[in-house]
Structures are given as structure tokens and as C-alpha cells.
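Welcome! Please take a look at the sequence and the structure below, and then let us walk through a few of the places worth visiting.

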Amino acid sequence: MTHAMLKGSNVPLEATTVRAVLRWSPGQGVPDVDASALLLGLDGRVRSDEDFVFYNQPRHPGGQVWRLGKKRVAENLTDTIQTDLAGVESGVGRILLVASADGVTFDRVRDLRILLYDAQDADGEALAYFDIKPETGQETALICGELYRRGDGWKFRALGEGYSNGLEGLATDFGISVEEAEALPESEADGAAQQPPATTQTPGGSPGRPSSEALTQPQAPLAPAPEVSRPLPPEQPAGVPAQPAYGYPPQQPPATQPAYGYPHPAGGPAYGYPPAPATAAAGAVSGYGFPPPPPVPSGAPDPDFRLPPQGPQFIGR
């Protein structure tokens, strides 16, 4: 006899090995659905990450829970988890049967149902079934039901509890370690952009479908920074002399006007040449208030030249 179950109801199981079959109707826009199982200890949490059976880890190390994979049955698709209840370790108190969609909400999954079969009766009818109805429609992972111990036997309870953050959020709630990429400070962003991402071994991919393979994205080569050997001088406004470039001697300042009443200084000779002889400049101006010196005679001496009168200190000596 097949039990049609309502949410929260339970049935005892006499079979020692059961198959939990997820079934749904495919169609355009309908997401793919995956079945998985979490083995929980007596404290309601997984004992290690190995207690998570899903498509990247299809068999529990103990060998009592494994995933059979997907099949097409008539007009439906199925994914199946099989459990050997008689061989489950005594430290396991519950086994959650989970459905997850690949990043798409369950309001687009049609006719979702979980069916329990006696695995040793290949042609037998289902022991029980439960039609799963998402509460909000925004769930991307659902706990369809659970196998749990009751005394010396096992029972199945229909649940239909949803998670909007997918299989990753569900697994984290029960103690699965999910590695997440940490944000890098801006000072390290350029260096990290050239490094390949780390491999994720536990569910941490898209919200509905975790991945155990590293996803590498090609990085565009960075443009080299321009090489500057010296700072560029700023633009000078019109009428203002430009500043010399860095590393070059400054230009000589223009000749300044002499102070009022003093002669203009003569320019120095060119480097390596003797100075030119001084010549009397016509109309040269002496210091302020003094007459110009007499011109220097050239050639034969003047016959009319006489010494000026001498003082008494020079007479008779």
C-alpha cells in the first residue's frame, strides 16, 4: 500500500534498503534538479564534510548512502538517493533528502514529488510519496524529507522546507565547510588579478549548484605605466620666460642697468682670449660731479709740457 503523505506526516519503514526518488516534469525554462543527502549526527549536524552526498561526492565513505543518478521515466526526469538503513553507523541519527535547482527558483519546477521504494523489491510499488509545494516559490533548495531513527527502526517524515540561498546555504546551516572568496584591499587588487582562483573542494559555486573545480577567467594584460625620466616643465603663460628643464643649467639672466651715476660695466672677454686694450671712449662719462679724465697722448711727447709747481718739501733736495 502506498502512503500519500502530507507535510509533517511520517510513516514507519520496514524495508532495510530504500530508494528515495525525486521526480519532476521537464520543459522549456524548467531548471535541472539534483538530489543529495546529508547524514546528521545525534546533535543535528554533520560530523565532517564527508557526510554530504551529492553529484561531486556521489558515495559516502561508509558505503551506506550513495547517489544513483538521473534517468528519464516516461515523461518525467528522476534523480535517486539509495540508503542501506541496516548498515548506517550508530552515530548517524537523521538523513536529510534534499532537492536543489541550478540557480533557478522552484516556482518554475513542475510536478515535483519524492517517492520511497523498497530497493530489494524491484517491481514493487512505492511505499510512500509526497508532493512538494514551495512555500514562497523563491527557494533554490528544498529539504524534501528525512529518514530518522525511532527506537530500533527507521521512519520517513515529509518536510518540504526551503532555502532561498541554495544548496550552499542549506549545507552551511548543518555544518558543512563552505569556502568563500574574501575581498582583497585595493592595494592588493592588482596583484590578485594576475593569480588564478583557488580550487573549491566544498560546495561554493553558484547558489544552486556548487562546484569542486577551479574556474579560471582569463585576465587582460595590464598596460605598462609610462616611463618618465624627468618631470615635464609646466606650460608658461605668454610673456613669461620658460623655466629650464630638470638637469640643465639655467639660462643667464639678462644684463641689468647700472646704478644711476655709475659707468656701465664692461663685459668680460671670451673664455681663452686675452682682454682687449682699453681705449678712450668718446664722450665717456665719469663719476657723478667729476670732469672726465684727459685723453692719453700717443706718439712724441709735447714740447710745451712743464711740471706743475712743486711744494717747498721738494726744493733743495
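## The lining of the largest cavity

In this predicted model, the largest cavity is lined by Ala20, Leu22, Ala35, Ser36, Asp79, Ile81, Leu97, Val98, Ile114 and Cys144. Sorted by class, eight of the lining residues are nonpolar, one is polar and one is charged. Four strands, β3 (17-25), β4 (33-41), β7 (76-84) and β8 (92-101), each give at least two residues to this lining.

How much space lies in the largest cavity? About 50 Å³. When the whole structure is searched, one cavity of 30 Å³ or more turns up. As background, rolling a probe the size of a water molecule over the atoms shows where empty space is left.

## The sheet around β8

Let us follow the strands next. Six of them form an open sheet in the order β2-β12-β11-β8-β4-β5, and the pairing is antiparallel. At its edges are β2 (10-13) and β5 (52-53), each of which pairs on one side only.

Strand β8 is a good one to trace with your eye. Nine bridges connect β4 with β8, and these two strands run antiparallel. Ala35 has Ala99 of β8 as its bridge partner, and Ser36 is matched with Val98 in β8. Both Ala35 and Ser36 are among the residues lining the largest cavity, as is Val98. The antiparallel strands β8 and β11 are joined by seven bridges, and Leu97 stands opposite Gly145 in β11. Leu97 also belongs to the cavity lining. Is β8 mostly covered or mostly uncovered? Mostly covered: nine of its 10 residues are buried.

## A buried threonine in a loop

Now for a loop residue. Thr140 sits in the loop between β10 and β11 (141-150). Its relative accessible area is 6%, so Thr140 counts as buried, the cut-off being under 20%.

Which residues does Thr140 touch, leaving aside its neighbours within four places in sequence? They are Ser100, Ala101, Val104, Thr105, Phe106, Tyr163, Ser164, Asn165 and Gly166. Of these, Ser100 and Ala101 bring us back to β8, which spans residues 92-101.

## Two residues with positive phi

Two residues have a backbone angle worth a look. Ala74 is not a glycine, yet its phi is positive, near 55 degrees. This residue is found in the loop between β6 (65-73) and β7. Ala74 is exposed because its relative accessible area is 69%, and exposed means over 50%.

Asp111 is not a glycine either, and it has a positive phi of about 55 degrees. Asp111 lies within strand β9 (residues 110-118). With 56% relative accessibility, Asp111 counts as exposed.

## How far to trust the model

A word on confidence will help you read the picture. The protein chain has a mean pLDDT of 75, with 57% of its residues at 70 or more. Where in the protein chain is confidence lowest, and where is it highest? The low end is helix α2 (residues 186-193), with a mean of 43, and the high end is strand β10 (residues 128-131), at 97.

Residues 180-233 stay under 50 in pLDDT, and the model has 58 contacts beyond four places in sequence for them. Residues 278-285 also have a pLDDT below 50, and this stretch has two contacts in the model beyond near neighbours in sequence. Where pLDDT is low, the predicted coordinates should not be read in detail.

How values were computed: Residues are numbered from 1 along each chain as its sequence is written. This is a predicted model: local features need pLDDT of at least 70, side-chain atom pairs count only at pLDDT 80 or more; totals for chains, interfaces and linings use all residues. Side-chain values use heavy atoms; hydrogens and water are left out. pLDDT is the predictor's confidence in each residue, from 0 to 100. Contact means heavy atoms within 4.5 Å. On a 1 Å grid over the protein atoms alone, a cavity is a set of points where a 1.4 Å probe fits but cannot get out, and a pocket is an open set with protein on both sides within 12 Å along at least five of seven lines; lining residues have an atom within 4 Å of a point. Grid points are joined across faces, edges and corners, and a volume is the space filled by probe spheres set on the points. Ala, Val, Leu, Ile, Met, Phe, Trp, Tyr, Cys and Pro count as nonpolar, Asp, Glu, Lys and Arg as charged, and the others, Gly among them, as polar. Buried means under 20% relative accessible area, exposed over 50%, partly exposed in between (1.4 Å probe, protein chains only). Two strands pair if DSSP finds at least two bridges between them.
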